Amino acid sequence: MEKHVLSEGRCFTFMRQGFLVKVRNEWRFYNAEAELVAVRTKAEIGTCTSVSLDFYAFEKDGIGDLWIDAAGNDIGIPKGQWLEIDAKAVFQGTTSALECPTE
């Protein structure tokens, strides 16, 4: 049986564990089963800039970068190397904006 999510916003980006919907001034985090698991405001966490296999990267004025998992939890700076794709590029099918930070 297929699940559908009805929302006033639009799906912004996704990762293997779920997807992120932008609704006015908030971010709604859904898991892979299309269940709403968290809601966070744009004032609280800023703008989603990129997505990885395991987290979304946000940028907030005055704070800098935030890394948030699929359940909407802050995870701190991810350990080791990771690959990020521009959040808007996920639906465009392009990977031209890849980053591979190292420690």
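**Close-up views of a predicted model**

**Figure 1. A salt-bridge network centres on Arg40, Glu44 and Asp74.** Arg40 pairs with Glu44 in a salt bridge, with 2.9 Å between the closest N and O atoms. This is a predicted model. Arg40 is buried, at 11% relative accessibility. Glu44 is partly exposed, with a relative accessible area of 38%. Arg40 also meets the side chain of Asp74 in a salt bridge, at 2.8 Å from N to O. That second pair links distant parts of the chain. Arg40 sits in strand 4 (residues 36–41), and Asp74 in the loop between strand 7 and strand 8, 34 residues apart. Asp74 counts as partly exposed, at 46% relative accessibility. Through shared partners, the salt bridges join Arg40, Glu44 and Asp74 into one network. The structure holds 4 salt bridges.

**Figure 2. Arg16 and Asp54 form a salt bridge between two loops.** The closest N and O atoms of Arg16 and Asp54 are 2.5 Å apart. Arg16 belongs to the loop between strand 1 and strand 2 (18–23), and Asp54 to the loop between strand 5 and strand 6, so the pair ties together parts 38 residues apart in sequence. Arg16 is exposed, at 57% relative accessibility. Asp54 is partly exposed, with a relative accessible area of 37%.

**Figure 3. Lys60 is buried without a salt bridge.** Lys60 is found in strand 6 (residues 56–60). Which side chain of opposite charge is nearest to Lys60? That side chain is Asp61, 7.6 Å away. A salt bridge needs a nitrogen and a carboxyl oxygen within 4 Å. A polar atom of the Lys60 side chain does lie 3.0 Å from the backbone oxygen of Ala43. Neighbours within four places in sequence aside, Lys60 is in contact with Ala43, Glu44, Ile45 and Gly46. Glu44 is also part of the network with Arg40 and Asp74.

**Figure 4. The largest nonpolar core has 15 residues.** Those with the most contacts inside this core are Leu20, Trp27, Phe29, Ile45, Cys48, Tyr56 and Phe58. At least two core residues come from each of strand 1 (10–15), strand 3 (26–31), strand 5 (47–51), strand 6 and strand 7 (64–68). Leu20 touches a run of residues beyond its sequence neighbours up to four places away. Among them are Arg10, Cys11, Phe12 and Thr13. Leu20 also touches Trp27, Arg28 and Phe29, as well as Cys48, Tyr56 and Phe58.

**Figure 5. Four aromatic residues form one cluster: Trp27, Phe29, Tyr56 and Phe58.** The count of aromatic pairs comes to 4. How are the rings of Phe29 and Phe58 arranged? Their centres are 6.3 Å apart and their planes stand at 45°, so the pair is tilted. Phe29 lies in strand 3 and Phe58 in strand 6, so this pair ties together parts 29 residues apart in sequence. Phe29 is buried, at 0% relative accessibility. Phe58 is buried too, with a relative accessible area of 0%.

**Figure 6. The side chain of Asn31 makes polar contacts with Glu33 and Glu35.** Asn31 lies in strand 3. Asn31 counts as buried, at 14% relative accessibility. A polar atom of its side chain is 2.9 Å from the backbone nitrogen of Glu33. The Asn31 side chain also makes a polar contact with the side chain of Glu35, at 2.8 Å. Leaving aside neighbours within four places in sequence, Asn31 is in contact with Gln17, Gly18, Phe19 and Val37.

**Figure 7. Ile77 touches Trp82 in the loop between strand 7 and strand 8.** Is Ile77 buried or exposed? At 54% relative accessibility, Ile77 counts as exposed. Trp82 counts as buried, at 11%. Ile77 touches Trp67 as well, residues up to four places away not being counted. From C-alpha to C-alpha, Ile77 and Leu66 are 7.6 Å apart in space, and 11 residues apart in sequence. The C-alpha atoms of Trp82 and Leu53 are separated by 8.3 Å, with their positions 29 residues apart along the chain.

**Figure 8. The whole protein has 1 helix and 9 strands.** From the N terminus on, the elements run β-β-β-β-α-β-β-β-β-β. Of the 103 residues, 36% count as buried. Among contacts with a separation of 6 or more, 35% join residues 24 or more positions apart.

Notes:
Residues numbered from 1 in each chain as written. Predicted model: local features only at pLDDT ≥ 70, side-chain atom pairs only at ≥ 80, totals over all residues. Heavy atoms only, no water. Helix = DSSP H or I, 4+ residues; strand = E, 2+ residues; numbered from the N terminus. Buried < 20%, exposed > 50% of the residue type's maximum accessible area, 1.4 Å probe, protein only. Lys, Arg positive; Asp, Glu negative; His and termini not counted. Polar contact = N/O pair within 3.5 Å; in protein donor to acceptor, adjacent residues only side chain to side chain. Contact = heavy atoms within 4.5 Å. Core = buried A, V, L, I, M, F, W, Y, C linked by side-chain atoms within 4.5 Å. Phe/Tyr/Trp six-rings, centres within 6.5 Å; stacked < 30°, edge-to-face > 60°.
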